[in-house]
Amino acid sequence: LQAYGTVDELNSHIGYALALEQENPSDVGLGMLLIPVQNELFIIGSHLATPYAENAVPDSLPHFPADAVNRLERQIDILTAQLSELKNFILPGGTPVAAQLHICRTVCRRAERHVVELSQTDVVLPNIITYLNRLSDFLFTLTRSVNHSHGVSDTPWKKV
């Protein structure tokens, strides 16, 4: 329940980021990047909510796309190539959309922790865990891209 509930929460937070984007659009193309993610999160939620034995995924469950992780990796690479090199930790924030994407990133990390915990006792498709791990990195890169598109610099963390 914690695992798929947190995945559902993440999906809602992404929806809110998309709603904020409509008020102040960037040139990143968040809709094209995040709507496939929202669909994949629904698939993940259905798998986490339905117990099954290893190698016995019920036919009623939608197929989790095998190339989803690779797509995220490619998108991370494309977006990163347009950004300055990151030499410090950065503080969450920037535009409202970027700040919301930071929230998405942290909720994604929590979902990943819950799914890893679930995998200790139940069958979880391994690519689901990998996907959530890469998704949080993708969301981080998106925050930087959105800020960059609006001319907002990353705020470096300063050790006190």
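## Exercises on a predicted helical model

In this predicted model, helix α5 is followed by G151, whose phi is positive, near 75°.

**Exercise 1.** Compare the span of α5 from its first C-alpha to its last with the span expected at 1.5 Å a residue.

*Solution.* Begin with the length of the helix: α5 has 24 residues, running from 126 to 149. From the first C-alpha of α5 to the last, the reach is 34 Å, which is close to the expected 34 Å. Beyond the helix comes G151, with its positive phi near 75°.

**Exercise 2.** Determine which residues are joined with R109 into one network by salt bridges that share partners, working outward from R109.

*Solution.* Start within helix α4, residues 96-119, where E112 and R109 lie 3 residues apart, about one turn of the helix. An α-helix has 3.6 residues a turn, so residues three or four places apart point the same way. The side chains of E112 and R109 meet in a salt bridge, with an N to O distance of 3.3 Å. As for their surroundings, E112 has a relative accessible area of 13% and is therefore buried, the cut-off being under 20%, whereas R109, at 29%, is partly exposed.

Next, follow R109 to its partner in another helix: the side chains of D137 and R109 form a salt bridge at 3.1 Å, N to O. This pair links distant parts of the chain, since D137 belongs to helix α5 and R109 to helix α4, with their positions 28 residues apart in the numbering. D137 counts as partly exposed, at 23% relative accessibility.

Then continue from D137 to R134, with which D137 forms a further salt bridge, the closest N and O atoms being 2.2 Å apart. D137 and R134 are 3 residues apart in helix α5 and are thus separated by about one helical turn; R134 counts as buried, at 17% relative accessibility. The network that results from shared partners is made up of E73, R109, E112, R134 and D137. For the model as a whole, the count comes to 7 salt bridges.

**Exercise 3.** Describe the largest pocket by its volume, its lining residues and the helices that supply them.

*Solution.* The volume of the largest pocket is about 190 Å³. Its lining consists of D27, V28, G29, M32, L33, L79, Q82, L83, S145, H148 and S149. Sorted by character, these lining residues divide into 5 nonpolar, 5 polar and 1 charged. Turning to the helices, α2 (30-49) and α5 each supply at least two residues of the lining, and the largest share, 3 residues, comes from α5.

**Exercise 4.** Decide whether N11 is buried or exposed, and state which backbone oxygen lies 3.1 Å from a polar atom of its side chain.

*Solution.* Locate N11 first: its place is in helix α1, residues 2-23. With a relative accessibility of 7%, N11 counts as buried, because this value is under 20%. The backbone oxygen in question is that of Q38, which lies 3.1 Å from a polar atom of the N11 side chain.

How values were computed
Residues are numbered from 1 along each chain as its sequence is written. This is a predicted model: local features need pLDDT of at least 70, side-chain atom pairs count only at pLDDT 80 or more; totals for chains, interfaces and linings use all residues. Side-chain values use heavy atoms; hydrogens and water are left out. A salt bridge is a side-chain nitrogen of Lys or Arg within 4 Å of a carboxyl oxygen of Asp or Glu. Helices (H or I, at least four residues) and strands (E, at least two) are DSSP runs, numbered from the N terminus. Buried means under 20% relative accessible area, exposed over 50%, partly exposed in between (1.4 Å probe, protein chains only). On a 1 Å grid over the protein atoms alone, a cavity is a set of points where a 1.4 Å probe fits but cannot get out, and a pocket is an open set with protein on both sides within 12 Å along at least five of seven lines; lining residues have an atom within 4 Å of a point. Grid points are joined across faces, edges and corners, and a volume is the space filled by probe spheres set on the points. Ala, Val, Leu, Ile, Met, Phe, Trp, Tyr, Cys and Pro count as nonpolar, Asp, Glu, Lys and Arg as charged, and the others, Gly among them, as polar. The expected span of a helix is 1.5 Å times one less than its number of residues. A polar contact is a pair of N or O atoms within 3.5 Å; within protein, one must be able to donate a hydrogen and the other to accept it, and residues adjacent in sequence count only if both atoms are side-chain atoms.
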